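My notebook is open, and I am going through one protein model entry by entry. Please keep the structure on screen and follow along.

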Amino acid sequence: MAPKPALLLTFSISFLLLLQISLSDLPIGVNYGTLANNLPPPSQVASFLKAYTSITHIKLFDANPAILSAFANTNISVTVTVANGDIPSLSKLPAAQSWVSSNISPFLPATKIAQIAVGNEIIATSDKNLIAHLVPAMRSLHAALRLSGMPTVAVTTPHSLGILSLSEPPSAGRFRRGYDQAIFAPMLDFHNRTGTPFMVNPYPYFGFSDKTLNYALFKPNAGIYDPTTRITYTNMFDAQMDAVYSAMKRLGYGNVKISVGETGWPSVGDPDQPAVNMANAISYNGNLIRHVNSGKGTPLMPGRRFETFIFALFNENLKPGSTAERNFGLFQPDLTPVYDVGIMRGKAAGPSATPSVPTPAPSGGGKKWCVAKGGASAQALQANIDYACNNGVDCSPIQAGGACFLPNTVESHAAYVMNAYYQSHGRNDFNCDFSQTGLITTSNPSHSTCQFNA
């Protein structure tokens, strides 16, 4: 998963023209995250993307019915995500059939649901129960889709590059010991049999150093040499992708397709992050689009094209962590482009295409809050609400008419009551555990009239 200054836009006309490519038939999409309290309604987002951008693929971090309904008849391809906490139950076919019946069937064929992502970066959670049930859940959902007459909906799961025990040089890439045969061999066999992609989240942003910044940004650099293949890599994206390919090939599955679930670069960071700025965000995402769509592939996968989802559609003001985490977006919540790397089309009727520079969110001043962890299931979060409200938390603010009723979502309500419980029961880390669905943050999640205690 991915996290989220003067304007440094001095690009030549030729460079800008190079970026102005139509993505309508190309494998570029965006991650549509919703950890914010100021986003436009899904219907407005869907209309905007269809009318004013060349984006044809979106990836959700849940199966939000309002968003799925909003994208009906847009011909925009949608990837939905199963909550991490739902994976164990979905390893059984009846539960998988019920999930498909509730979350997929009602929206097809009007909404173009292309694939289901089973959880998000499950190996990185180190949750043995989730990891053990991941491949069985993928198989069950695939079977449920076939039985429901939806065989074209693909099933996959996104991985951070933490799945690799070795990634440099790229030819030495290998999966983590213990997971290679137990998890990835059967998973890759599943992808091989079903013709579905192995999804990874390569982030050069998380892997660069001062010496490799240009290498990460696709800018001119001396390159990094792989002595085994005698290939000199000129960008980190290719090196990361080839390391994944080498790990797959080592298990005998080099033929399985690879897709990119997340990648991106934030446009605003904290003072100690000089490489996080508008110019570098434009450089990375713009060059990425050109590179992926060129058809060139990578040194070890020549000619391959990878469906790629940029992180993210919006700057999300409720994401915990550093300022950068809240500034990965291509658009501000008012649909004004933060910057444009060739995805805008039309001008007069749409929002202004003038890039804007967001200001960093105020620091939490050393205070801590408890919020819901991304990927927690709605059922788990509702259980958190019920528990907190029955154990001394005043839950009237999340009732209709209360200061924290809007947005009226289980995620938003859970965040408020989980924090209230954490603050009133000692502020210990374990007070924010909530069966591993809570997260400590130093970023104040208060919004509008809803004030989170600290």
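I began with a yardstick: a residue is buried under 20% relative accessible area, exposed over 50%, and partly exposed in between (1.4 Å probe, protein chains only). I noted that this is a predicted model, where local features need pLDDT of at least 70, side-chain atom pairs count only at pLDDT 80 or more, and totals for chains, interfaces and linings use all residues. Residues are numbered from 1 along each chain as its sequence is written, and side-chain values use heavy atoms, with hydrogens and water left out.

**Entry: disulfides**

I looked for disulfides, meaning pairs of cysteine sulfur atoms within 2.5 Å, and the structure holds three. Counting bonded cysteines along the chain, I wrote down the pattern 1-5, 2-3, 4-6.

I took C389 and C395 to start with, and their sulfur atoms are 1.9 Å apart. The torsion about their S-S bond is about -100°, so this disulfide is left-handed. C395 is buried, at 9% relative accessible area, whereas C389 is partly exposed, at 27%.

Next I checked C404 and C450, a disulfide with its sulfur atoms 1.9 Å apart. Here the S-S torsion is about 100°, so the disulfide is right-handed. C404 sits in the loop between α13 (378-389) and α14, and C450 in the segment after β15, so the pair ties together parts 46 residues apart in sequence. For those element names, helices (H or I, at least four residues) and strands (E, at least two) are DSSP runs, numbered from the N terminus. C404 counts as buried at 3% relative accessibility, and C450 is buried too, at 1%.

Then I turned to C370 and C432, whose sulfur atoms are 2.0 Å apart in their disulfide. The torsion is about 85°, so I logged this disulfide as right-handed. Which parts does the pair of C370 and C432 tie together? C370 lies in strand β14 (residues 369-372) and C432 in the loop between α14 (410-424) and β15 (438-441), so the joined parts are 62 residues apart in sequence. C370 is buried, with 0% relative accessibility, and C432 is buried at 3%.

**Entry: V80 and its neighbours**

I clicked on V80 in strand β3 (residues 77-82). Is V80 buried or exposed? It counts as buried because its relative accessibility is 0%. I listed contacts (heavy atoms within 4.5 Å), leaving out residues up to four places away in sequence: V80 touches ten... among them L60, W99, I104 and I116. L60 is 20 residues from V80 along the chain, yet their C-alpha atoms are separated by 5.1 Å.**Entry: a salt bridge**

I searched for salt bridges, where a side-chain nitrogen of Lys or Arg is within 4 Å of a carboxyl oxygen of Asp or Glu. The structure holds one, between the side chains of R193 and D189, at 3.1 Å from N to O. These residues are four apart in helix α8 (residues 179-194), so about one helical turn separates R193 and D189. R193 is exposed, with a relative accessible area of 53%, while D189 is partly exposed at 27%.

**Entry: the second largest pocket**

On a 1 Å grid over the protein atoms alone, a pocket is an open set of points where a 1.4 Å probe fits, with protein on both sides within 12 Å along at least five of seven lines, and lining residues have an atom within 4 Å of a point. Grid points are joined across faces, edges and corners, and a volume is the space filled by probe spheres set on the points. By that recipe I noted about 390 Å³ in the second largest pocket. Of its 19 lining residues, S167, E168, G207, M236 and Q240 are the closest to the centre. The largest share of the lining, three residues, comes from α11. I split the lining by type (Ala, Val, Leu, Ile, Met, Phe, Trp, Tyr, Cys and Pro count as nonpolar, Asp, Glu, Lys and Arg as charged, and the others, Gly among them, as polar), which gave 11 nonpolar, six polar and two charged residues.

**Entry: backbone details**

I found a cis peptide bond joining F311 and A312, with omega about 15°. A312 is in the loop between β13 (308-310) and β14. The peptide bond from L406 to P407 is also cis, with omega near 0°, and P407 lies in the loop between α13 and α14.

Finally, I noted that N75 has a positive phi of about 65° although it is not a glycine. N75 is in the loop between α3 (65-70) and β3 and counts as exposed at 58% relative accessibility. L335, another residue other than glycine, has a positive phi near 75°. L335 lies in the loop between β13 and β14 and is buried, with a relative accessible area of 4%.
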